[in-house]
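Here's a quick walk through one sheet and a pair of helices. Have the structure open as you read.

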Amino acid sequence: MVRYPLIRTILAGAVLAAGASLFSGCGGYEYAGPISLDRHPWLKGKKIFIDPGHGGAGGTDLFRQGPNGITEEEANLKVGVILEHMLKKTGATVAMTRTRDKDVPLDERISMAHEFGPDVLVSIHHNGSARRADGVNYPSVLIWGSREVKPESYDLASILLEEFHKIMDERGSVISDHAVFHETGTRILNRTSQLCPGVLGEGGFFSDEKHALRLADAQYLESEAGAYFTALSRYFQWGVPDAEVMFSCPMRRAGLLSNEISDTKPGITIRVMSGNEYPGIKEETLKVTLDGVSVGFKKIADDMFLLKYGDELYPGGHSIRFSFRNQRGQSSMILRAPFTVSIGAGDRDRLVAEGRRLVGRKKTARKGLHMLLSALSMSQTDPEAGKIVSPIVSGFRAIGDTASASYYEQALVHFYPDSVEAKKIRTRVLGRSGCRFPGDFNGRIVKIKADKAVSDKERNTPGNAFQRIKKFFNGHKPGQAQ
Ligand SMILES: [Zn+2]
């Protein structure tokens, strides 16, 4: 009993109280449970965002209440505050959406996360059954979307579920938040999905009589916080891989078009970081696409991969999208590096004409696709753009990428409904149960390094790279543009 001095006293008398100020900050509370907090060096310096769900309902939220009167918001808060305390002891930096019983609007929680820029986000909840006291009780961990679009969240969720299983008999599962909220998923995970790995833990059912009693027990709440703590420690020990993309040419950062280059044949290198003490990654897990079309790469060092994107980059917007696993098997987030190649007069028409011709032939379809996707990036909002999407569909079919073909078919029907092309396939496409995601998923934008940044002023000085590229697109051949 001596081991849990303050928390036990609080809970003994105050399980049913609203809990305000009881847990404000960690004042007085000292974790003295079985976990040695000084044995988790990999948590040091990590930025962890903790979101104890709900709050401030003042006992009026009768749904989120167990048979013994324990409320979900109260259990969430107590687990969150204990976890905050444990993590801080290891040297982690922690941000909390609330440290007392108050209502914090979801949008405010989301802004707080964006401001904090966490390495990982954990939202703490408990589940409830509408039928009440029906004996249903199991843990679950929600991730945004799916394992395919949030592989790193899935990794963390699986570890957390294992830790939940150690304190609860039931196994439970990792589930997509789209299984709960079909269209958008949970707002907190959805709107932070490009920030960092994120999970929403449901540590059992407060509606279950037995579990509600546990949730009113200080020692149990410490063990639940311990499950989150151990999961986070294991997750960071195994490493959260990250990467940056490097261009071998000057890059203009300012203005509307950030990451703008005028070199059409730059060297593009992805530098991967394993996130733990073992360098290198599982090379076979590195998947790279340029504008949605897979591209090859050449390993030039343990952590460097040079992209093989073809003979040149076409004018217009581009996006490199990639993910990989480290040697320990942990996934990076889906990472994205957007950039633009300077656009000159007539580029769009040239790319459309040439691209349409090339996608028609299997051998050149990939090249044609790159051209058409570049052309599309210049005219997304143009009603005529529907004309470009249709050959893009055929291009993806030609290279055997049926998922992308079907994604662009849906895009054609949804975004260019009045185009002749859309009308032809409308009935067929709408008749098929389509999924708007994961096609719409963009991924987290990674840092792009260029060998030189170019300012607006420099860019407009005659004789610089931009002027040269302008001349090039005015009809000069590359060799003569100098
Ligand atoms: Zn909840």
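Which residue of β6 does V141 stand opposite? That's G201. One thing to keep in mind throughout: what you're looking at is a predicted model.

**The sheet**

V141 belongs to β4, which spans residues 140-143 and pairs with β6 in the antiparallel sense. On another pairing, β6 runs parallel to β3, and there S123 stands opposite L200. Here are the two pairings of β6 next to each other:

| Partner of β6 | Residues of partner | Sense | Bridges | Opposite residues |
|---|---|---|---|---|
| β3 | 120-127 | parallel | six bridges | S123 and L200 |
| β4 | 140-143 | antiparallel | three bridges | V141 and G201 |

What about β6 itself, residues 198-205: how many of its eight residues are buried? Eight of the eight are, so the strand is largely enclosed by the rest of the structure.

Zoom out and you get an open sheet of six strands with mixed pairing, in the order β2-β1-β3-β6-β4-β5. At the edges sit β2 (93-96) and β5 (173-176), each of which pairs on one side only. From one strand to the next, the twist averages 25°. Helix α3, covering residues 106-116, packs on this sheet and touches β1 (47-52), β2 and β3. The direction of α3 makes about 175° with that of β1.

**The α2 helix and its neighbour α7**

Now over to α2, residues 72-89. This helix has 18 residues and reaches 26 Å from its first C-alpha to its last, close to the 26 Å expected at 1.5 Å a residue. Is α2 largely enclosed or largely open? Because 16 of its 18 residues are buried, α2 counts as largely enclosed by the rest of the structure. Just after the helix comes G91, which takes a positive phi of about 95°.

How do α2 and α7 (residues 218-238) cross? Their axes come within 8 Å, at an angle of roughly 55°. Angles under 35 degrees would count as roughly parallel and 65 to 115 as roughly perpendicular, so α2 and α7 are oblique to each other. The crossing is right-handed. If you want to click through the contact, the α2 side is made by A75, K78, V79, I82, L83, M86 and L87. On the α7 side, pick L221, E222, E224, A225, Y228 and F229.

Conventions
Residues numbered from 1 in each chain as written. Predicted model: local features only at pLDDT ≥ 70, side-chain atom pairs only at ≥ 80, totals over all residues. Helix = DSSP H or I, 4+ residues; strand = E, 2+ residues; numbered from the N terminus. Expected span 1.5 Å × (residues − 1). Buried ≥ 20, exposed ≤ 12 C-beta atoms within 10 Å, placed from the backbone. Pairing = 2+ DSSP bridges. Axes fitted to C-alpha atoms, helices over the stretch in contact; angles between N-to-C directions. Parallel < 35°, antiparallel > 145°, perpendicular 65-115°, else oblique. Left-handed = near helix turned anticlockwise from the far one by under 90°. Contact = placed C-beta atoms within 7 Å.
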